[in-house]
Each structure stands twice: as structure tokens, then as C-alpha cells.
Amino acid sequence: MNTFRKQATVLVVGAATLGSLLVPASMAAAAPAKQNTAVTQPGEVRAAGIKIDVVTSTVDISNRLYNIISQAIAHKQNRSGYVKSLREGAFYDARERYNVMIIKADHKYSSNLKRIVYDAKVKGGNYPTFRVIVFESGSFTNRGDGGYDNWAFRGWYKRDGMTVNFRKK
């Protein structure tokens, strides 16, 4: 798919998702009221102080992330709890079929991830920007600080220090 078509698809899917067009009935009741939702550039969605910048989206989990961020802000969740919530939300919304990596966006790291199906930078409230990556396999090395304040991952992996090798489910 060419770049323009991919960006247009992400733009439409992201806007529809955050506009509650794709929200299941069970989630609609729990979803916060949408305020001033606007698409500011291809793949970027902003609403109520939350920014989700989607780069790749075969699996779209933007609505789930929006709800997680909104709830974390409302409940003044601590940062490590917020990071774990992003990890769990991405994993379950990807139907437990893919590996998930959450890392603070300005952290130094190297990766060789295969078949990325979702890649977004998320920013909400006073939390720093985090990168949410959903993918099939590959390796990831965190070259910054560890701990749930800075990164979290889930899936099928073997960890050796700060390097994580993921395999396909």
C-alpha cells in the first residue's frame, strides 16, 4: 500500500475510532465524553488533552489507548501503573495474537522488529510520551533506564538483561 493511502487509511480509522463509531456497546458506556476531537495531521488524533500519533495500523487499538489514558488521568494513576495499563490494553486489544512493547519515546533503544501491525506515540495529561508497538517477532534492546516507569512488554519472549527476543505466537 502506498504511503498516501496508508496515511489516509490510518486517518480515517483513527478518527472513526476516537469518534466512537467503532466502540462496542459495552465500552461506549464507560468511554469518557469526547471533546474537541480533531485530526491535526495524517495519523494524528487529539482529543481532550490526549494525543495519539499512529504510524502503522493494521490492528487499530487507538480507542482502547484513548480510554486507558483518559481513565489514568481521571484516577491520577502513577506512571508505572499507566505504563502497565498501556501494555495490557494493547495486548488484549490486539486479541493476544501479537507481542507488545511500550517504551518512553525519548529513550535510547535499538530494535529489529518484524511485521509491525501498530505503532503509535501516545501522550496524555502529565505523563511523558510513550511509544506503543504491536508486532509479530524480533528483538528489542533498551539502552536507557529500565523499570515500569520507562518500558513494559508482553508476549512470547526470552529476556537477557535489557535485550528481549520475541518470537511469533
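**Entry 1: Glu96 and Lys76**

I began with Glu96, which I found in the loop between helix 4 and strand 4 (99-104). The model I am reading is predicted, and in it the phi of Glu96 is near 55 degrees, a positive value in a residue other than glycine. I then looked up how open the position is: Glu96 has a relative accessible area of 37% and is therefore partly exposed, since that class lies between the limits of 20% and 50%.

I noted a second residue other than glycine with a positive phi, Lys76, where the angle is near 50 degrees. Lys76 has its place in the loop between helix 3 and helix 4. With a relative accessible area of 74%, Lys76 is exposed, because that class begins over 50%.

**Entry 2: the two helices on either side of Lys76**

As Lys76 sits in the loop between helix 3 and helix 4, I turned to how these helices are arranged. Two packed helices are described by the angle between their axes and the distance between the axes. For helix 3 (residues 62-74) and helix 4 (residues 79-93) I read an angle of about 155 degrees, with the axes 9 Å apart. Angles over 145 degrees count as roughly antiparallel, and helix 3 and helix 4 are therefore roughly antiparallel to each other. I also recorded the handedness, and helix 3 passes helix 4 in a right-handed crossing.

Next I listed the residues that meet. From helix 3 they are Arg64, Leu65, Ile68, Ile69 and Ala72, and from helix 4 they are Tyr82, Ser85, Leu86, Gly89, Tyr92 and Asp93. By class, the residues of this contact divide into 7 nonpolar, 2 polar and 2 charged.

**Entry 3: the loop between strand 5 and strand 6**

Which residues does Tyr127 touch, not counting residues up to four places away in sequence? I wrote down Ala72, Ile73, Lys76, Gln77, Asn78, Arg79 and Tyr82. Of these, Ala72 and Tyr82 had already come up in the contact of helix 3 with helix 4, and Lys76 was the exposed loop residue of my opening entry. Tyr127 itself is found in the loop between strand 5 and strand 6 (130-142), yet its relative accessible area is 9% and so Tyr127 is buried, the limit being under 20%.

I looked for a polar partner as well, and the side chain of Tyr127 reaches the backbone oxygen of Gln77 at 2.5 Å. Measuring from C-alpha to C-alpha in the model, I have Tyr127 and Ile73 at 8.7 Å in space, although 54 residues separate them in sequence.

Gly125 is found in the loop between strand 5 and strand 6 too, and I checked it against Ile73: the C-alpha atoms are 6.1 Å apart, with the two positions 52 residues apart in sequence numbering. At 35% relative accessibility, Gly125 counts as partly exposed.

**Entry 4: Asp119, Arg131 and Ile52**

Is Asp119 buried or exposed? I placed Asp119 in strand 5 (residues 109-124), and at 6% relative accessibility Asp119 counts as buried. What does its side chain contact? The side chain of Asp119 makes a polar contact with the side chain of Arg131, at 2.6 Å.

I followed Arg131 to Ile52, which lies 79 residues away in sequence and 9.6 Å away in space, C-alpha to C-alpha. Ile52 is found in strand 3 (residues 50-57), and at 1% relative accessibility I entered Ile52 as buried.

**Entry 5: Ser111**

Ser111 also lies in strand 5, but with a relative accessible area of 43% Ser111 is partly exposed. Leaving aside neighbours within four places in sequence, I found Ser111 in contact with Ser139 and Phe140. From Ser111 to Gly138 I noted 7.5 Å between C-alpha atoms and 27 residues along the sequence.

**Entry 6: the whole chain**

I closed by stepping back to the protein as a whole, which has 4 helices and 9 strands. Read along the sequence, the pattern is α-α-β-β-β-α-α-β-β-β-β-β-β. Of the 169 residues, 43% count as buried. I also looked up how far contacts reach along the chain: among contacts between residues at least 6 apart in sequence, 65% join residues at least 24 apart. The pairing of Tyr127 with Ile73, 54 residues apart in sequence and in contact, is one example I had already written down.

Conventions: Residues are numbered from 1 along each chain as its sequence is written. This is a predicted model: local features need pLDDT of at least 70, side-chain atom pairs count only at pLDDT 80 or more; totals for chains, interfaces and linings use all residues. Side-chain values use heavy atoms; hydrogens and water are left out. Axes are lines fitted to C-alpha atoms, for helices over the stretch in contact, and angles run from 0 to 180 degrees between N-to-C directions. Angles under 35 degrees count as roughly parallel, over 145 as roughly antiparallel, 65 to 115 as roughly perpendicular and the rest as oblique. A crossing is left-handed if the near helix is turned anticlockwise from the far one by less than a right angle, and right-handed if clockwise. Contact means heavy atoms within 4.5 Å. Ala, Val, Leu, Ile, Met, Phe, Trp, Tyr, Cys and Pro count as nonpolar, Asp, Glu, Lys and Arg as charged, and the others, Gly among them, as polar. Buried means under 20% relative accessible area, exposed over 50%, partly exposed in between (1.4 Å probe, protein chains only). A polar contact is a pair of N or O atoms within 3.5 Å; within protein, one must be able to donate a hydrogen and the other to accept it, and residues adjacent in sequence count only if both atoms are side-chain atoms.
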